[in-house]
Amino acid sequence: MTKITPVLMAGGSGTRLWPVSRKSFPKQFAALTGDETLFQASARRLSGPDFAAPVVMTNSDFRFIVAEQLEQAGITPGRIVIEPAGRNTAPAILAAALMVAADDPEGLVLVAPSDHVIPDAKAFAAAVAQGAQAAAEGRIVTFGITPDRPETGYGYLELAGSGDGPQPLARFVEKPDADRAAQMLAEGNYLWNAGIFLFSARAMIDAFRAHAPAYLEPVGQAVDQAQTDLGFLRLAKAPWAAVEDQSIDYAVMEKADNLTVVRFSGRWSDLGGWDAVWREALEHQPSDHGVVTDDNSTAIDCEDVLLRSDSSDLKVVGIGLRDVMVVATSDAVLVADRGRAQDVRLAVSALKAKRAKQAEAFPRDHRPWGWFETLALADRFQVKRIVVKPGAALSLQSHVHRSEHWIVVSGTARVTVDDSVTLVTENQSIYVPLGAVHRMENPGKVPMVLIEVQTGSYLGEDDIIRYEDVYSRSSAD
């Protein structure tokens, strides 16, 4: 059998794991349960002799993060596909199926979220192998997780058969209330819906033709008119704009009659809230009192708590707490009852209503050349720390409202200011006058770190005129 093409879904806004996960840097790109990010762990799980190079479906904002994290994990992607706008999972999955079908209509495709935790990769690979034959025969295979508690945060799959092998699906079940969840757990023929699908490209295209034909033309045009951009594949914007925003479950799966379910009894979590992170951590860090802490947190006489700080400069101490979650970053702190984990999204909505930047943006802003963070901001001045990756370069640009002073604290910078090019080394500085055309590059083999002091009447990131950019950006992104 030919290799299975994994398709990793890497979009999303990440509101339920705020403040660590935000719109500008959602949870799949964060290291929530170990040294690797969820995205890297997912890509590694779907690699090996049975899998082709992965296809990643993402958006323009995350394209360089995806490429960088795959490179760090030592995984070469087949394609990194950029969706012009978020349209949920249905059109993204159809686009992936059309791309695979162009090479092999019978090619098998495994679609998986990139933010789930499945510690036993071998057991998961065995479950995929179980479903491969059914998929090759034209079935659409979905994977159900054996429940270990009456969970109200997941949708369910009702099995039409029994036994350990692939089973026909009776129906999808929406998220239940607590009583119904307990009843389904007792009945034993319900599984959690993991949102993972295995199918042949032809079978998925046929399913759309039968149940959601309106997608075929615009998605097909978006794929046919896609353009390569710096190694990424950009789907065409105009036809994609006509695509309806809908999940694959609603568009196809709940209408299809050729669905098969493979049961997976290993550990799994979609990390859909901080309570899920707490449960996952207890698997690695057993505690008689249900206390989960990190290196920056301390619990004193606490029970069933999660204490976490992602900043080494911000220590969290809990005393006498019960059923509480405390999650801190350098610019925000969440304190919540553990039973209200699904309501964390309300905090994001409340902060957005107040126009607080913490609702969606991080202090650390990731760019294709590296990252920067604001250290101080006041009227008419701003201080940033900027880290530029080896060999990377910022765009050739100028500013209308601000001047800049750069002090290199580590590495070497090659700085262009109008017609002058200067090497600026550690402990040296250079001034960039208002209106000067300038560029910063790192010609070295180690990251270059500098402190930037901006002064002027306006300090926004959109105060930029870009003349040349190796990353093909047209705005201050």
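Buried, as the word is used in these legends, means a relative accessible area under 20%. The views show a predicted model.

**View 1. Helix H1 and the elements around it.**
Helix H1 spans residues 38-45, and six of its eight residues are buried, so the helix is largely enclosed by the rest of the structure. The buried positions are Leu-38, Phe-39, Gln-40, Ser-42, Ala-43 and Arg-45. These buried residues pack against three strands and two helices, namely S1 (5-9), S2 (55-59) and S4 (108-113) together with H2 (63-73) and H4 (121-136).

**View 2. Gln-28, in the loop between S1 and H1.**
With a relative accessible area of 2%, Gln-28 is buried. Once its neighbours within four places in sequence are set aside, Gln-28 is in contact with Ala-10, Gly-11, Thr-37, Leu-38, Phe-39, Gln-69, Ser-114 and Asp-115. Two of these partners, Leu-38 and Phe-39, are listed among the buried residues of H1.

**View 3. Phe-29, Phe-62 and the ring cluster to which they belong.**
The whole structure contains 13 aromatic pairs. In one of them, Phe-29 and Phe-62 have ring centres 5.4 Å apart and planes at 65 degrees, which makes the pair edge-to-face, since planes over 60 degrees apart are counted in that class. Phe-29 comes from the loop between S1 and H1 and Phe-62 from the loop between S2 and H2, so the pair ties together parts that are 33 residues apart in sequence. Phe-29 is buried at 2% relative accessibility, and Phe-62 is likewise buried, with a relative accessible area of 2%. Ring pairs link these two residues with Phe-25, Phe-39 and Phe-362 into a cluster. At Phe-362 there is also a charged partner, for the charged end of Arg-22 sits over its ring, 4.3 Å from the centre.

**View 4. The tryptophan pair Trp-192 and Trp-268.**
The rings of Trp-192 and Trp-268 have their centres 6.2 Å apart and their planes at 45 degrees, so this pair is tilted. Trp-192 belongs to strand S8 (residues 190-200), whereas Trp-268 lies in the loop between strand S11 (259-264) and helix H10 (274-284), and the pair thereby links distant parts of the chain, 76 residues apart. Both tryptophans are buried. The loop between S11 and H10 also holds Leu-271, a residue that has a positive phi of about 45 degrees although it is not a glycine. At 0% relative accessibility, Leu-271 counts as buried.

**View 5. Domain 1 against domain 2, with the cis peptide bond between Trp-18 and Pro-19.**
The domain assignment divides the chain into domain 1 (5-264), domain 2 (287-341) and domain 3 (364-468). The C-alpha centres of domain 1 and domain 2 lie 32 Å apart, and seven residues of domain 1 are in contact with nine residues of domain 2. Between them the two domains bury about 580 Å², 56% of it on carbon and sulfur atoms. Of the area that domain 1 buries against domain 2, Trp-18, Pro-19 and Val-20 supply 63%, more than any other three residues. Trp-18 and Pro-19 are joined by a cis peptide bond with omega of about 10 degrees, and Pro-19 is found in the loop between S1 and H1.

**View 6. Two annotated regions in the later part of the numbering, with Lys-354 and Arg-364.**
An unreviewed UniProt entry places the feature "domain: MannoseP isomerase/GMP-like beta-helix" at residues 296-350, a stretch that is 13% helix and 42% strand in the model, with its end C-alpha atoms 27 Å apart. The UniProt annotation "domain: Mannose-6-phosphate isomerase type II C-terminal", also from an unreviewed entry, covers residues 359-469, where the chain is 0% helix and 58% strand and the end C-alpha atoms are 30 Å apart. Lys-354 is found in the loop between helix H11 (344-353) and strand S18 (364-367), and this lysine is exposed, with a relative accessible area of 69%. The charged end of Arg-364 sits over the ring of Trp-371, 3.5 Å from its centre.

**View 7. Asn-88, in the loop between strand S3 (79-83) and helix H3 (89-103).**
Asn-88 has a positive phi of about 70 degrees although it is not a glycine. With a relative accessible area of 40%, Asn-88 is partly exposed.

Technical notes
Residues numbered from 1 in each chain as written. Predicted model: local features only at pLDDT ≥ 70, side-chain atom pairs only at ≥ 80, totals over all residues. Heavy atoms only, no water. UniProt positions renumbered as here; feature names shortened; annotations may be inferred. Helix = DSSP H or I, 4+ residues; strand = E, 2+ residues; numbered from the N terminus. Buried < 20%, exposed > 50% of the residue type's maximum accessible area, 1.4 Å probe, protein only. Contact = heavy atoms within 4.5 Å. Phe/Tyr/Trp six-rings, centres within 6.5 Å; stacked < 30°, edge-to-face > 60°. Lys NZ or Arg CZ within 6 Å of the ring centre and 35° of its normal. Domains from an automatic or database assignment. Buried area = accessible area lost by both parts, 1.4 Å probe.
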